[in-house]
Amino acid sequence: RVLSKLYGRSTALKDVDLRVPQGAVYMLAGENGAGKSTLLRLLLNLEQPTSGRAEVTGLATDRHGARVRARVGYVPEGFGMGPRWMTVERWLAERTVYYPAWDAGYADALCRRLDIDVSRRIGQLSKGQTRRAQIVAALAHRPPLLLLDEPSDGLDPAARDTVLELVSDHLSQTGCTILVSTHLIYELDALVDQVGVLSHGRLTTQAPRDALRDTVKAYRIRAPEGWETAPDISNVLHRSRFGREHNWVIRGDETEVAARIAASGGEVRDIASLTLHDAVVHLMRQGAAS
């Protein structure tokens with residue numbers, strides 16, 4: 001459903017039509033302040049949209065917010081957990097009230113895997129330790145949907161690898177759907193099959209990973225002096241030049257793009273696919289500039 005969210009006169013989200021296929025790993029990328037965290041909170045009915053309606057796991061969130069949250073494993077952007085005096089063990093125990101499917105044995109195993117001292121008080125935890133506990137809470141009830149907002153934030157490299165392994169294991173064991181908001185694109189390279197780019201509150205790109213690989217490419221072009229001001233080629237995401245050789249990143253059908261370049265007097269010397277990271281970064285820059 002198309003969602004919009006205003007805070008006073010400030011637009012956080014504008015006409016966002018997010019569609020996450022069941023069983024997909026969907027990466028939502030965007031610059032800080034693009035509206036990623038706001039969108040995830042709307043999907044959980046933690047905030048209400050100014051207009052539009054969200055549907056999650058087949059349920060309208062405005063009518064079934066509690067049921068939706070019980071079926072979702074959520075890692076928030078922030079590091080708030082509970083009262084500073086509360087131990088991690090008690091905090092996790094209280095999660096069982098909200099998640100009927102909570103697996104205490106699995107939660108204990110996750111704590112051991114992530115090296116969490118459950119006897120520590122929340123006020124004594126570092127950001128990394130807090131994030132580990134939040135990961136446990138998100139996974140322990142084996143939810144069919146994970147909403148992860150910068151899940152590796154605050155973690156050291158070793159802990160990041162462990163968390164990604166746990167998420168991958170959860171995916172293989174449950175066949176769940178994952179929506180993850182991140183700016184560390186390379187970390188999710190092995191998992192992602194759907195990509196969305198959010199910029200200034202608008203969803204500027206939404207496509208399967210393979211479609212991006214097929215349509216966002218780097219073109220090495222040999223052309224006469226002044227050529228770059230002449231061709232009428234749309235969806236150019238990046239331009240660089242060394243002498244008469246131009247390196248452009250262009251989104252579009254490869255055959256059509258090459259034909260337009262040739263018709264304008266340029267000679268395509270090479271066409272190369274981009275990594276997921278490079279393709280998404282170029283799409284983010286385009287969205288930020290538009």
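In the predicted model, strand β7, which covers residues 145-149, runs parallel to strand β8 and is joined to it by 5 bridges. Within this pairing, Leu-145 is placed opposite Thr-177 of β8. Strands β7 and β8, together with helix α6 (residues 157-174), form a β-α-β unit that is right-handed. Strand β8 also pairs with strand β3, which spans residues 25-29, and this pairing is likewise parallel and extends over 5 bridges; here Val-25 is the residue that stands opposite Ile-178 of β8.

The burial of β8 was examined next. Of the 6 residues in this strand (residues 177-182), 6 are buried, so the strand is largely enclosed by the rest of the structure. The cover extends to both faces of β8, since Thr-177, Leu-179 and Ser-181 are buried on one side, while Ile-178, Val-180 and Thr-182 are buried on the other.

The cysteines were considered separately. A search of the whole structure returned 0 disulfides, and the positions of the sulfur atoms help to explain this result. For Cys-111, the closest cysteine sulfur is that of Cys-176, at 19 Å, which is too far for a bond, because a disulfide requires two cysteine sulfur atoms within 2.5 Å. For Cys-176, in turn, the closest cysteine sulfur belongs to Cys-111, at 19 Å, and is too far for a bond. Cys-111 is buried, with a relative accessible area of 5%, and Cys-176 is buried as well, with a relative accessible area of 2%.

Technical notes. Residues numbered from 1 in each chain as written. Predicted model: local features only at pLDDT ≥ 70, side-chain atom pairs only at ≥ 80, totals over all residues. Heavy atoms only, no water. Buried < 20%, exposed > 50% of the residue type's maximum accessible area, 1.4 Å probe, protein only. Helix = DSSP H or I, 4+ residues; strand = E, 2+ residues; numbered from the N terminus. Pairing = 2+ DSSP bridges. Right-handed = clockwise from strand over helix to strand, strands pointing away.
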